[in-house]
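Biologist: I have a model open and plenty of labels to puzzle over. Can you show it to me, and then explain what stands behind each label?

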Amino acid sequence: MAHTAMSGTGTTAGDDPLQTAVWRLRSRACWADAAALIQPRAAGPALQRASLLVERCLYTEQGWAEAEDALRTAEALAQSDDERGAAACERGQLAYAATLLGVRDRADEARAALGRAAALLAPGVPGRALLDFRRGLLAENLAHAPQAARAAYRRAHAGATAQNDALLLSFTWRHLAGLALREGELAEARHGFAESLRIREELGYLVGTAPALASLADTEAEPEASRLRAEAGRLFRLLGGVPLWLADQLTPAPPAATA
């Protein structure tokens, strides 16, 4: 299964100390250090390690070879349909990230891998909500099909709610809000971005807090918008400029030319 923010994965009191340490490192953009704590001797740990390194690629645009190696290990160790489906989901996410960031066009591979994951992961099983979310990402950002994306995000949102997956909920709130903002639904967008930010602050998910602050700023009037962007910029710099793609959003627009 994908390791997001559910009980047992380091985000709640009483969790396994290893998972708590992994979560703390992951949330502070230390994916390689988090992955180094995990021994990939079985499918579950191998999948978790691969997911951390795939996430690092999306946030930093680095570490592609390490993610590929970790993913091949997870694929080799997978035995059940759930494990094979989770590995396919990570394969699809890595191919999506490479395409989105312009490293290499792997859109067909991403679609095929997520399709394979959908055939292996039954509705309601752990990992299905994450798969639905990632299919929404493909629909929104590669296929440019916002209606299909919204439907996938809503399925993911319902699944994350049922599974009490707080971190995934922060992502579904954020992406549903992004679609609402594009359609001019300002109040709906503000609510979604605020919910995403609230969850990430409660979880201590620092690497995701700066993007949440910047997105909420897009729905606010001054001076609140500038305050939110300033806080986002502070966190962004604190984490060493991660996520890399946030830099453009935090760069002030040049002043308008005057006659």
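**Checking the labels**

Modeller: Let's start with α3: its 18 residues should span 26 Å at 1.5 Å a residue, and its end C-alpha atoms are 26 Å apart, so the two values agree. The expected span is 1.5 Å times one less than the number of residues. A helix here is a DSSP run of H or I with at least four residues (a strand is a run of E with at least two), numbered from the N terminus.

Biologist: What kind of model is this, and how are its residues numbered?

Modeller: This is a predicted model, where local features need pLDDT of at least 70 and side-chain atom pairs count only at pLDDT 80 or more, while totals for chains, interfaces and linings use all residues. Residues are numbered from 1 along each chain as its sequence is written, and side-chain values use heavy atoms, with hydrogens and water left out.

Biologist: Back to α3, then. What makes you call it largely enclosed by the rest of the structure?

Modeller: Buried means under 20% relative accessible area, exposed means over 50%, and partly exposed is in between (1.4 Å probe, protein chains only). In α3, 15 of the 18 residues are buried, so this helix is largely enclosed. Right after α3 comes Glu 61, which has a positive phi near 60°.

Biologist: How do you know that the span of α4 agrees with its 14 residues?

Modeller: Helix α4 covers residues 64-77, and 1.5 Å a residue gives it an expected span of 20 Å. Its end C-alpha atoms are 20 Å apart, so the check works out.

Biologist: Which residues of α4 are buried, and why do you put them on the same side?

Modeller: Trp 64, Ala 67, Glu 68, Ala 70, Leu 71 and Ala 74 are the buried ones in α4. They cover an arc of only 170° around the axis, so they sit on the same side of α4. That arc is taken from the directions from the helix axis to the C-beta atoms. An α-helix has 3.6 residues a turn, so residues three or four places apart point the same way.

Biologist: What do the buried residues of α4 pack against, and which exposed residues does the face turned away carry?

Modeller: They pack against α3 and α5. On the face turned away from the buried side you'll find the exposed residues Ala 65 and Ala 76.

Biologist: What makes Gln 93 count as buried?

Modeller: Gln 93 has 8% relative accessibility, so it falls under the cut-off and counts as buried. This residue is part of helix α5. Leaving aside neighbours within four places in sequence, Gln 93 is in contact (heavy atoms within 4.5 Å) with Val 54, Leu 58, Arg 134 and Leu 137.

Biologist: Now the loops. Are His 144 and Asn 164 buried or exposed?

Modeller: His 144 has a relative accessible area of 61%, so it is exposed. Asn 164 comes in at 58%, so it counts as exposed too. His 144 belongs to the loop between α7 and α8, and Asn 164 to the loop between α8 and α9. What's odd about His 144 is a positive phi of about 55°, although it is not a glycine. Asn 164 is not a glycine either, and its phi is positive as well, about 55°.

Biologist: Which residues does a cis peptide bond join?

Modeller: One such bond joins Glu 222 and Pro 223, with omega about 5°; Pro 223 is in the loop between α11 and α12. Another joins Val 242 and Pro 243, with omega about 0°, and Pro 243 is in the loop between α12 and α13.
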